[in-house]
Amino acid sequence: GMKNNEASFSSLALQRAAVSQANQALTEGQELGKINLTAKTRPAQLNQSQTKALSPEDGRMHRVLRIDATLSPRDPKAPGQFGRPVVVPHGKEKEVERRWKEGNFNVYLSDLIPVDRAIEDTRPAGCAEQLVHNNLPTTSIIMCFVDEVWSTLLRSVHSVLNRSPPHLIKEILLVDDFSTKDYLKDNLDKYMSQFPKVRILRLKERHGLIRARLAGAQKATGDVLTFLDSHVECNIGWLEPLLERVYLSRKKVACPVIEVINDKDMRCPVMAGGLFSIDKNYFFELGTYDPGLDVWGGENMELSFKVWMCGGEIEIVPCSRVGHIFRNDNPYSFPKDRMKTVERNLGRVAEVWLDEYKELFYGHGNHLIDQGLDVGNLTQQRELRKKLKCKSFKWYLENVFPDLKAPIVRASGVLINVALGKCISIRNTTAILEDCDGSSQLQQFNYTWLRLIKHGAWCLAPVPDNGALRLHLCDNRNKGLRWLHKSTSVFRPELVNHLVFGNYHQLLCLEGDFTQKTLKVAPCDPAKPDQKWKFENYYED
Ligand code: LR7
Ligand code: MN
């Protein structure tokens with residue numbers, strides 16, 4: 001869930017790009033094991049010598065786990081077996097509704113489904129025949145949770161135990177991020193005592209998922225850290241290909257394909273996201289997560305930038321499949337405001353890693369000027385970046401995401417006054433209002449991510465004292481050229497279609513006067529129709 005949070009838009013755009021690349025690679029049917037999902041410019045994963053090492057004759061390889069206890073479930077008729085969608089029994093709708101908020105998904109149904117249910121093998125063809133090394137590193141599974149639903153937490157643990165080769169699991173560390181639910185106390189200890197590999201680490205105060213994971217990492221004794229959410233289901237053979245990647249290259253961070261477990265009927269079609277395995281020493285070399293990140297959000301961006309820019313790689317491994325329950329909202333409370341927390345985290349990440357592109361981050365949010373967002377002290381993070389001799393964000397964009405089309409232009413074409421039906425047109429160094437003519441070059445504008453209204457190299461801006469409009473040479477860093485314009489907004493619906501200039505203390509809006517053919521900025525007034533503007537084309541919202 002970050003859907004309703006505009007502050008997260010840029011990170012989501014990056015995530016979506018990764019997901020669509022992953023899906024594309026899968027549908028194009030590229031050879032398994034050679035799919036390099038996030039770096040098209042890099043050589044294929046398995047070079048010749050590595051491919052040679054994958055020969056079964058040399059005795060160092062064995063097949064990915066194929067026998068799965070849960071393929072023949074104890075109760076084949078139980079609901080949800082083989083990932084079949086589960087239907088709410090008649091008369092239980094009220095109970096479903098009541099229990100939904102315990103986890104912001106269908107908790108009632110989850111409790112009906114066996115904790116060790118069978119699920120379909122969703123791996124692409126060929127995965128079961130793949131070979132991995134006999135001497136793969138061991139891993140510590142780190143699963144942090146706060147007030148997780150009992151049945152989903154158990155199902156997560158069971159899926160790891162049932163579908164991983166035992167010798168590869170050093171331990172499963174359940175990090176309790178100061179949960180309040182009673183069943184997560186005594187009952188959990190008792191239940192898990194049947195599994196010698198499961199250790200429960202109780203935090204004495206709420207750490208948030210980022211610092212909770214770090215607490216787990218500190219205690220981990222395996223060679224590789226594998227982070228998982230507490231409402232997942234690992235599929236057959238999920239672990240070996242992740243560890244194989246890390247084994248072949250210790251600076252590789254391997255991610256499973258994340259499949260959607262529907263929050264309503266617990267079904268599993270395909271999608272991708274952020275659970276991963278990383279070499280433990282490498283994780284610490286990279287300075288772990290920025291420990292200054294709070295509660296939830298942004299840490300996946302931070303680690304991704306750090307890995308790529310500082311010499312590592314991230315790979316989504318198609319043969320490794322893990323289901324995850326996607327929810328529309330966090331089921332737990334945030335110590336501080338959720339939006340502010342995520343915005344601050346992303347701000348920290350932007351300030352350390354995004355270089356000149358951080359303006360893009362600030363540009364896309366709802367703030368006209370950045371409001372002096374307090375992101376805390378960044379000295380250590382910046383020094384780390386220097387120490388690790390990391391590359392620039394420009395390099396990252398050009399080499400890791402050459403396909404990422406940053407939506408530089410948000411709207412384009414003629415800029416029309418909604419009430420008057422007239423268009424803005426360039427006259428020498430100023431702008432006036434005229435009859436619309438879509439074929440006239442003088443009436444063409446682009447509204448950019450940095451909120452400039454551009455006509456070629458020229459930007460619309462008010463003359464500081466009298467509010468009249470003029471053209472000014474565009475400059476991405478000049479905050480005095482930025483206009484807020486949204487064609488839809490849940491945050492400021494009263495300002496939709498306005499072209500807002502200034503700051504929160506003094507909001508000025510562009511206003512047209514057709515008798516005079518002039519344009520000026522004046523105090524914003526949602527009731528004034530001549531302050532409403534529309535571009536011909538919009539590319540977002
Ligand atoms: O304060 C907290 N303490 C915790 O221990 C908050 C959360 N948690 C636990 C929680 O119980 C859960 O096990 O941390 C885990 C992750 O929290 P979720 O499940 O509420 O978050 P999510 O599923 O929305 O996770 C997405 O966003 C996170 C932002 O910090 C992480 O980046 C997760 O990796 C990310 N998940 C994915 O990328 C999967 C795809 C979802 C999308 C988009
Ligand atoms: Mn989750």
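Cys 459 is tucked away in this predicted model: it counts as buried because its relative accessible area is 0%. This residue has a partner, too. Cys 459 and Cys 474 form a disulfide, with 2.1 Å between their sulfur atoms. The twist about the S-S bond comes to 110 degrees, and the link of Cys 459 and Cys 474 is right-handed. The two ends sit in distant parts of the chain, 15 residues apart: Cys 459 belongs to strand β16 (residues 458-462), while Cys 474 lies in the loop between β17 (469-473) and β18 (500-503).

That bond has company, since the count of disulfides comes to 5. Another one ties Cys 423 to Cys 436, and here the sulfur atoms are 2.0 Å apart. Once again distant parts of the chain are joined, with Cys 423 in strand β12 and Cys 436 in the loop between β13 and β14 (445-448), 13 residues apart. The torsion about the S-S bond of Cys 423 and Cys 436 is about 90 degrees, so this disulfide is right-handed. Are its two ends buried or exposed? Cys 423 is buried, because its relative accessible area is 0%. Cys 436, on the other hand, has a relative accessibility of 35%, so it goes down as partly exposed.

A further disulfide runs between Cys 310 and Cys 390, with an S to S distance of 2.0 Å. This pair also bridges distant parts of the chain, as 80 residues separate the two: Cys 310 is in the loop between α10 (299-309) and β10 (313-325), and Cys 390 is in the loop between α13 (379-387) and α14 (393-399). The link of Cys 310 and Cys 390 is right-handed, at 100 degrees about the S-S bond. Both Cys 310 and Cys 390 are buried.

How do the bonded cysteines pair up when numbered in sequence order? The pattern in the protein chain reads 1-3, 2-4, 5-6, 7-8, 9-10. Then there is Cys 144, and the question is why its sulfur makes no bond with the closest cysteine sulfur. That closest sulfur is in Cys 234, and it is 15 Å away, which is too far for a bond, because a disulfide needs the two sulfur atoms within 2.5 Å. Cys 144 has a relative accessibility of 12%, so it counts as buried. Cys 234 is buried as well, because its relative accessibility is 0%.

Back at Cys 423, the surrounding strands are worth a look. Strand β12 (residues 422-427) pairs with β13 in the antiparallel sense, over 5 bridges. Across this pairing, Arg 427 stands opposite Thr 430 in β13. The hairpin of β12 and β13 has 2 residues between the strands, and Asn 428 takes a positive phi near 55 degrees there. As for cover, 4 of the 5 residues of β13 (residues 430-434) are buried, which leaves the strand mostly covered.

Next comes a metal. Which residues hold the manganese ion (ligand 2)? Asp 229 coordinates it through OD, while His 231 and His 324 do so through NE2, at 2.1 to 2.2 Å. Along the sequence, the donor residues of this manganese ion are spaced D-x1-H-x92-H. The site draws on distant parts of the chain: Asp 229 is in the loop between β6 (224-228) and β7 (232-234), whereas His 324 is in strand β10, 95 residues apart. His 324 has a relative accessibility of 12%, so it counts as buried.

Helix α8 (residues 239-248) is another well-covered element. It has 8 of its 10 residues buried, so the rest of the structure largely encloses it. The buried residues in α8 are Leu 239, Glu 240, Pro 241, Leu 242, Leu 243, Glu 244, Arg 245 and Val 246.

Stepping back to the protein chain as a whole, there are 14 helices and 21 strands. Of its 541 residues, 53% count as buried. Among contacts between residues at least 6 apart in sequence, 72% join residues at least 24 apart. Finally, the accessible surface of the protein chain comes to about 24100 Å², and carbon and sulfur atoms account for 53% of that.

Definitions and conventions:
Residues numbered from 1 in each chain as written. Chains lettered and ligands numbered in written order. Predicted model: local features only at pLDDT ≥ 70, side-chain atom pairs only at ≥ 80, totals over all residues. Heavy atoms only, no water. Buried < 20%, exposed > 50% of the residue type's maximum accessible area, 1.4 Å probe, protein only. Pairing = 2+ DSSP bridges. Donors = N, O, S within 2.8 Å, 3.2 Å for Na, K, Ca; no water. Contact = heavy atoms within 4.5 Å. Areas by Shrake-Rupley, 256 points an atom, 1.4 Å probe, with all protein chains shown as cover.
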